[in-house]
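Here is a short, friendly tour to read with the sequence and the model side by side. Take a moment to rotate the view before reading on.

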Amino acid sequence: MKQYKYTINGAEYDVTIRGIQGDKAQVEVNGLPFEVQMHGSSLLEENLPESATGAAAPAPAAQPAAETPAAAPAPAAGKSAPGSGTPVKAPLPGVVTKVNVAAGQAVKAGDVVLVLEAMKMENNICAESAGTVSAVCVAAGDSVMEGTTLLTIA
């Protein structure tokens with residue numbers, strides 16, 4: 001097990017690599033478990049750098065498959081890259097259970113734009129300002145970290 005601390009776009013992440021089997025790594029990011037599919041990497045657990053902390057710890061040569069603010073995979077159907085405008089960010093880590101808006105939809109300040117489940121509680125995420133949704137970056141079922149851009153309002 002290797003532990004790392006990363007700072008990405010000002011947000012800190014504690015990453016633990018639990019194990020690697022073939023092209024799959026079992027990782028934990030800020031306490032949330034992920035199975036990461038590595039592409040084009042011959043990374044082995046014994047070749048990982050020693051545990052490190054700091055603003056820019058050396059990263060293993062694996063490509064992240066879990067969504068992170070640094071390098072998210074290409075958006076899946078129903079999702080898009082962050083658009084122009086004001087981002088609505090996750091206030092805490094959790095799982096998106098419902099997305100109530102779509103790109104192009106007008107919203108008012110206070111409208112519930114999505115629901116985020118954290119610690120077995122549903123949290124309504126509201127628009128902070130009126131405008132038009134320029135992008136929806138998540139879908140129901142997605143795990144997100146604190147600070148992840150969920151959608152943007154222009």
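In what order do the elements of the protein chain run from the N terminus on?

## Overall make-up

The order is β-β-β-β-β-β-β-β-β-β-β-β from the N terminus on. Put as a count, the protein chain has 12 strands and 0 helices. Please keep in mind that this is a predicted model.

Of the chain's 154 residues, 32% count as buried. The exposed surface comes to about 8,500 Å², and carbon and sulfur atoms supply 53% of that area. Contacts can also be sorted by how far apart the partners lie in sequence: among those with a separation of 6 or more, 53% join residues 24 or more positions apart.

## The sheet from S1 to S4

A good place to start looking is the open sheet formed by 4 strands, which are arranged in the order S1-S2-S3-S4 with antiparallel pairing. Strand S1 (2–8) and strand S4 (32–37) each have a single partner strand, so they stand at the edges, and one side of each is left without a neighbour in the sheet. From one strand to the next, the twist averages 30°.

Zooming in on one pair, S1 and S2 are joined in the antiparallel sense over 7 bridges. To find the pairing on screen, try Lys-2, whose bridge partner in S2 is Ile-17.

## Glu-12 in strand S2

Staying with S2, which covers residues 11–21, you will find Glu-12 in this strand. Setting aside residues up to four places away in sequence, Glu-12 touches Lys-5, Tyr-6, Thr-7 and Asn-30.

Another pair to pick out is Glu-12 and Gly-147: they are 135 residues apart along the chain, while their C-alpha atoms are separated by 9.8 Å.

## Leu-150 in strand S12

Now move to strand S12 (residues 149–153), where Leu-150 has its place. Is Leu-150 buried or exposed? Its relative accessible area is 0%, and buried means under 20%, so Leu-150 counts as buried.

Which residues does Leu-150 touch, not counting residues up to four places away in sequence? They are Val-88, Lys-89, Ala-90, Leu-114, Ile-125, Val-136, Cys-137, Val-138 and Val-144. One of these, Ala-90, is 60 residues from Leu-150 along the chain, and the C-alpha atoms of Ala-90 and Leu-150 are separated by 6.4 Å.

Technical notes. Residues are numbered from 1 along each chain as its sequence is written. This is a predicted model: local features need pLDDT of at least 70, side-chain atom pairs count only at pLDDT 80 or more; totals for chains, interfaces and linings use all residues. Side-chain values use heavy atoms; hydrogens and water are left out. Helices (H or I, at least four residues) and strands (E, at least two) are DSSP runs, numbered from the N terminus. Contact means heavy atoms within 4.5 Å. Two strands pair if DSSP finds at least two bridges between them. Axes are lines fitted to C-alpha atoms, for helices over the stretch in contact, and angles run from 0 to 180 degrees between N-to-C directions. Buried means under 20% relative accessible area, exposed over 50%, partly exposed in between (1.4 Å probe, protein chains only). Accessible areas come from the Shrake-Rupley method with a 1.4 Å probe; for residues, only the protein chains shown count as cover.
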